[in-house]
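I opened this one to see how the ligand shells, helices and loops are put together. My notes are below, in the order I looked things up.

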Amino acid sequence: MSKTFAGIILILAVIIGLSSCEQEVTYTHSISKQEAVSQSTGNFELCKTCPPGFELTDEGICKLRSLYQQYASLKNQGVGGLKTALPEFRDGFTPQQIDLGRYLFFDPILSADGTISCATCHQPEKGFSDGLDRSVGILGEPIKRGAPSLWNVGFLKLFFWDGRDSTLESQMQGPLFSEDEMGNTPEKLLESLNSNSAYPALFEEAFPDRNNAEIKLPEIYTAIAAFETSLISLNSRYDQYAHGFHGALSKDEIEGMNVFRSFVARCAECHTPPLFTNQQLAVLGTPEPDGKPLDPGAEIPYKDGSLRGAFKVPSLRNVAQTAPYMHSGWFKTLRETVEFYTKGRGHAVPEGENLYLHWHIWEPDLSNKELDRLVDFLQTLTDESFMPKRPDRLPSKS
Ligand code: HEC
Ligand code: HEC
């Protein structure tokens, strides 16, 4: 019975996965005549089907479909059982908008000198992070913080480590127009896209009824946001367990899950399933790189001293892929990260700082064995089955 269930999930994932446009070509190893022509002329065509995990409605928009939608919501009360609904989700984009966003996301044409794309710092192969403690932008220097994963960002209400933004559309203007990230200006960005040989036609496809008007900034933001919301990871072994397939987790992993959810470790109070974040800001007192002053975190955007050193609780989905960890990338491994929580409340707070540490940060005194089990459990949160495809060719290079 349980094996059948896992089988069905797997088959579903494969079937839905196959419906992604560019992937069909990869799987069948055959290029249709039409595609061969479009490759030789440099023409691009946008996908007309939704990404895996989404269903195309009669109105032509993509709606998320997940088993979690059959469960009741907690309405922000308590931690809940494994069968708890997901937070509200941002969907309703068309397949063409999502696919245009995919091209833009991977295209370095978005940066001032054409060298850096969103995917430079948010690499699909590295959990949409970059493997660096702090990301490196257009100036070749490490910037202030590490790149968070982008899996499941369509569920988030707060963006950036310090929670200073609340929509995907305004968030991306940070990296696009910061001198030390992509270094672009709105004028130059519009100039490069409008004068490109492929993009104007792609924007027509994604935003019909615009009558060949010039590309506008909100269209760029909508398309990239649409792509970002397509990055769904909800079919890990943990999820299969949560939906009722008990063979999906080993004994050690279940032990780890129980520690994670226990009131001794308290992980689930902040990293609340099923998203593994309660989307709040919390002061943990995590360390800064050697010689760096304390990062004030959310104190700055919220102008609130009690949020000094507060950061957004990150989702832990695909966390095994996104080392190093925390806003500063200080911890190299999951084991080190998890150990932080049991080394004593405030042990890494610099002298002279008086932080308002969160009440769930305390002295759980976890044994080495419990820490190992926690790491085992965190590794069950990996699911990259809906990985989008890197474009074979980019419009800017055509
Ligand atoms: C130079 C590296 C770099 C580039 C390029 C970059 N990012 Fe980021 N991104 C980061 C870093 C670092 C953060 C966290 C910064 C902070 O919290 O202060 C971040 C944060 C984010 C977040 C917030 C995630 C969360 O959980 O809060 C999103 C969404 C995002 N980036 C999307 C994009 C998009 C879309 C682009 C392209 C337009 C892009 N990024 C380009 C490094 C980069
Ligand atoms: C009070 C809320 C809270 C509790 C309780 C909590 N965390 Fe966290 N967790 C956070 C915040 C906030 C961050 C980011 C801190 C930073 O960047 O400095 C974080 C970061 C992490 C990260 C790194 C994620 C990444 O992408 O870099 C891991 C792993 C993690 N927590 C696991 C756990 C485990 C395991 C427990 C239980 C032992 C736990 N957390 C308990 C709030 C919490």
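These entries go from the whole chain to the ligands, then to single helices and loop residues.

**Ground rules.** This is a predicted model, where local features need pLDDT of at least 70 and side-chain atom pairs count only at pLDDT 80 or more, while totals for chains, interfaces and linings use all residues. Residues are numbered from 1 along each chain as its sequence is written, and chains are lettered from A and ligands numbered from 1 in the order in which they are written.

**Confidence.** I checked pLDDT (the predictor's confidence in each residue, from 0 to 100) before anything else. The chain averages 90, and 88% of its residues reach 70 or more. Residues 10–20 fall below 50, and that stretch has 16 contacts in the model beyond near neighbours in sequence. Residues 23–41 also stay under 50, with 10 contacts beyond four places in sequence. For me a contact is a residue pair with C-beta atoms, placed from the backbone, within 7 Å.

**Whole chain.** I found 16 helices and four strands, taking helices as DSSP runs of H or I with at least four residues and strands as runs of E with at least two, numbered from the N terminus. Of the 398 residues, 41% count as buried. Buried is 20 or more other C-beta atoms within 10 Å of a residue's own, exposed is 12 or fewer, and partly exposed lies in between, again with C-beta atoms placed from the backbone. Among contacts with a separation of 6 or more, 69% are between residues 24 or more positions apart.

**Ligand 1.** I looked up the shell, meaning residues whose C-beta atom, placed from the backbone, lies within 6 Å of the molecule. It holds 29 residues, and the closest are Cys 118, Cys 121, Phe 160, Trp 161 and Pro 175. Two or more residues each come from α5 (118–121), α6 (168–171), α7 and α10 (217–229). The top contributor is α5, with three. By type I get 19 nonpolar, six polar and four charged. Here Ala, Val, Leu, Ile, Met, Phe, Trp, Tyr, Cys and Pro are nonpolar, Asp, Glu, Lys and Arg are charged, and the others, Gly among them, are polar.

**Phe 160.** This residue from the ligand 1 list sits in the loop between α5 and α6. Its phi is positive, about 80 degrees, although it is not a glycine. I have it as partly exposed, because 18 other C-beta atoms lie within 10 Å.

**Ligand 2.** Which residues are closest here? They are Cys 267, Cys 270, Thr 286, Tyr 325 and His 327, out of 27 around the ligand. The elements giving two or more residues are α13 (267–270) and α15 (334–340). The split is 18 nonpolar, seven polar and two charged.

**Helix α4.** Is this helix buried or exposed? All 12 of its 12 residues are buried, so the rest of the structure largely encloses α4. I also checked its length: 12 residues (95–106) at 1.5 Å each should span 16 Å, and the end C-alpha atoms are 17 Å apart, which agrees. The expected span is 1.5 Å times one less than the number of residues.

**Helix α9.** In residues 199–206, the buried ones are Tyr 199, Leu 202, Phe 203 and Ala 206. They cover an arc of only 100 degrees around the axis, so they lie on the same side of α9. The arc is taken from the directions from the helix axis to the C-beta atoms. An α-helix has 3.6 residues a turn, so residues three or four places apart point the same way. The buried residues of α9 pack against α4, α8 and α10.

**Loop between α7 and α8.** I compared two residues here. Met 182 is in this loop and counts as buried, because it has 25 C-beta neighbours inside 10 Å. Beyond four places in sequence, its contacts include Leu 110, Ile 116 and Ile 138. Glu 179 is in this loop too, but counts as exposed, with 11 such neighbours inside 10 Å.

**Cis peptides.** I noted a cis bond joining Pro 273 and Pro 274, omega about 0 degrees. Another runs from Ala 323 to Pro 324, with omega near -5 degrees. Pro 274 is in the loop between α13 and β3 (281–283), and Pro 324 is in the loop between β4 (310–312) and α15.

Definitions and conventions:
Two residues are in contact if their C-beta atoms, placed from the backbone, lie within 7 Å.
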